[in-house]
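Visitor: Before we talk about any part of this protein, I would like to see the sequence and the model, and then ask how each descriptive word is earned.

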Amino acid sequence: MPLSDLNKEQQEAVTHKEGPLMVLAGAGSGKTRVLTHRVAWLVEHLGVDPSEIVLLTFTNKAAREMSERVLKLGSSMKLGFSGTFHTFCARLIRTYGNRVGMPRDFLIYDSDDSEALMKRVIKDLKYDPKEVKPRVCLSIISRMKNDLVDIETGRETAKDPFYKQIYLLWQEYQKRLKKNKAVDFDDLLVLAVSLLKIDDVKKVINKQFKWILIDEYQDTNKAQFEITRLITGENYNLTVVGDAAQAIYSFRGADFRNLLLLESEYPKLTKINLPRNYRSTQNILDGAWGVIKNNKSHPVIKLSSEAESGDSINLYEAADEKDEAKFVVNSSRHEEDVVVLYRTNAQSRSFEDELIRRGIPYRLVGGLRFYNRAEIKDLIAYLRLTVNRDDEVSKERAEKIGKRKLYKFSTWIEDKTDVANLKPSKLLDEIISCVDYLDKFDERDEEDAGRIENINELLAVAEEYDTVQDFLENASLSESEDRQSGKEAKITLMTIHAAKGLEFDNVFIVGLEEGIFPHSRTLMNRDEIEEERRLMYVAMTRAKKKLTTVGQLFTRANARWDLYRADVLRILGVSDSKEITDLDAAWSKIAEAMEPREQ
């Protein structure tokens, strides 16, 4: 495997031998290349058995991409594991779950299943569903699970009446999950930690998996940090790749400080920075540095580009959201590979209106997930009942589909003796026929035709699996896929969070306005303002060639602007704010002018 296509720092990371390694990989610095080359190098040059390697990612898509790249490097190998933390934990529990009271055929509830169960708990415990929101309860419980908070300990120490209520709901929710032989996503992590703390299980795993490689480590939570520590064991052959400057998922419980904790956990940790950027022009990188350098709670890498300086960052001051949309559409109508990035989904409306009005094809990322569509969840519910007839969430959904259909299904399943031997696609076909599921749709209706197409897609996906259990697990853990074709789209609309890991020639960051971006709820909290800067940094570093920032910077955002406008324009040396082309230089001049002078 040649290393000539790697730079000095990348080569150093790839050829690191034994011991813990942290690779701080700046945006566009080739972290995927480093991870895939390292896997191949370990096998070909250190003689590592591929079955001893675990490659953990945060999306199945990333895992597939890395596995494909490893194969292209000439290494025909099957890794011990390649996939997400949650999938790794699910497999661990399938194998050793009896040690923590979990049967092999347990179900994995997705977010909708969990919400349905919590609704029942709230109703049965006589709480007012208008006051006690299932999603709020589940969000708090999720955070506590990810922080490895124990129910009993938490309930005993809870002083706030609201949290005492949460713990009561949580306790009943867990009882129902156990009764249904089910777990939610967060339980996968919690149960894996419990299993790995059992000495003989940990010893087997440490012997089986001796090389652990983890991508996007800044996005891990406390439970994932603990899993990392336990599966690495005393082999110490851990490689993590991450960038604190791109940590934007604290609302999911992610904690970039796990990167810093590794240094105390592994005193002999080797750290390698990847400062060379292969994506953006230097002007874009300098502008992004101007934003992120203000963060003090984590290390930041100053990136140097392999490309030329490029165009200056453009700044457009809009009068309102309609003006924003018109400017972006006008500026991008002759461009290719254009993306509009915004802080919240609601901001897409004005851009959609303008694009539709002008008949310009566009792609909106963030539509309804495939497995969240009603017809898909209906058939998954029936399929789950073939595995576990006591699953009350699936039974409740089947009742809502129709009691007559449920009666047909129940009669059919009672007489069915070969369910365990049928492929999921065959079983789904029989279920659809048994309950006359397609009778509710009219192919002449456009929406119904779309639903039938979704069902055909589900059958095609099911054809790829040999067992119902494997198919259901994939359905529960499946990543959100954007199934809109967008082949003719000239412009893509998406949130900044959705754009993480992507790149585009021409990027517009819109809604730069106090209260929107940065978001209003972050303005009084230093940690949250730092995350807003990281979010802006991620947005800016998506751009390869052109970057334009757009917002009502000096209008609605600051009612006092009229008082200061002349002074600020004088500082910037322009007659109108629309003449500002270098955002980084503009803010630097303003900051310098605002510095207190010594008397």
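Guide: Let us start with a definition: a residue is called buried under 20% relative accessible area, exposed over 50%, and partly exposed in between, with a 1.4 Å probe and protein chains only. By that rule, buried residues make up 52% of the 599 residues in the protein chain. This is a predicted model, in which local features need pLDDT of at least 70 and side-chain atom pairs count only at pLDDT 80 or more, while totals for chains, interfaces and linings use all residues. Residues are numbered from 1 along each chain as its sequence is written, and side-chain values use heavy atoms, with hydrogens and water left out.

Visitor: What makes V121 a buried residue?

Guide: The relative accessible area of V121 is 0%, so V121 is buried. V121 belongs to helix 5, residues 111-124, where a helix is a DSSP run of H or I with at least four residues, a strand is a run of E with at least two, and both are numbered from the N terminus. Contact means heavy atoms within 4.5 Å, and V121, leaving aside its neighbours within four places in sequence, is in contact with L169, E172, Y173 and R176. The C-alpha atoms of V121 and Y173 are separated by 6.4 Å, although the two residues are 52 apart along the chain.

Visitor: Why does C434 count as buried?

Guide: C434 has 18% relative accessibility, and therefore counts as buried. C89, with a relative accessible area of 0%, is buried as well. A disulfide would be a pair of cysteine sulfur atoms within 2.5 Å, and the structure holds zero disulfides.

Visitor: Why is strand 1 described as largely enclosed by the rest of the structure?

Guide: Five of the five residues of strand 1, residues 21-25, are buried, so strand 1 is largely enclosed by the rest of the structure. Both of its faces are covered, with L21, V23 and A25 buried on one side and M22 and L24 buried on the other. In a regular strand the side chains alternate between the two faces of the sheet.

Visitor: How do you know that strand 1 and strand 8 pair?

Guide: Two strands pair if DSSP finds at least two bridges between them, and strand 1 and strand 8 (residues 270-274) have five bridges in the parallel sense. Within that pairing, M22 stands opposite K271 in strand 8. Strand 1 is also joined by four bridges to strand 7 (residues 238-242), running parallel, and here V23 stands opposite V241.

Visitor: Which strands are called the edges of the sheet with the order 3-2-6-7-1-8?

Guide: This open sheet has six strands with parallel pairing, and its edge strands are strand 3 (81-84) and strand 8, each of which pairs on one side only. The twist averages 15° from one strand to the next, where axes are lines fitted to C-alpha atoms, for helices over the stretch in contact, and angles run from 0 to 180 degrees between N-to-C directions. Helix 2 (residues 31-45) packs on the sheet, touching strand 1, strand 2 (53-57), strand 6, strand 7 and strand 8, and its direction makes about 170° with that of strand 6.

Visitor: What makes strand 11 and strand 13 edge strands in the sheet with the order 11-16-15-12-14-13?

Guide: This is an open sheet of six strands with parallel pairing. Strand 11 (314-317) and strand 13 (362-364) each have a single partner strand, so one side of each is left without a neighbour in the sheet. The twist averages 20° from one strand to the next. Strand 15 (residues 504-509) and strand 16 (residues 543-551) pair over five bridges in the parallel sense, with F508 opposite T548.

Visitor: Why are the buried residues of helix 10 said to line one face?

Guide: The buried residues of helix 10 (residues 199-208) are V201, I205 and N206. Seen down the axis of helix 10, these residues fall within an arc of 130°, so they line one face of the helix; the arc is that of the directions from the helix axis to the C-beta atoms. The face turned away from the buried side of helix 10 carries the exposed residues D199, K203 and K207. The cover over the buried residues includes helix 4 (85-96), helix 9 (185-196) and helix 11 (222-232).
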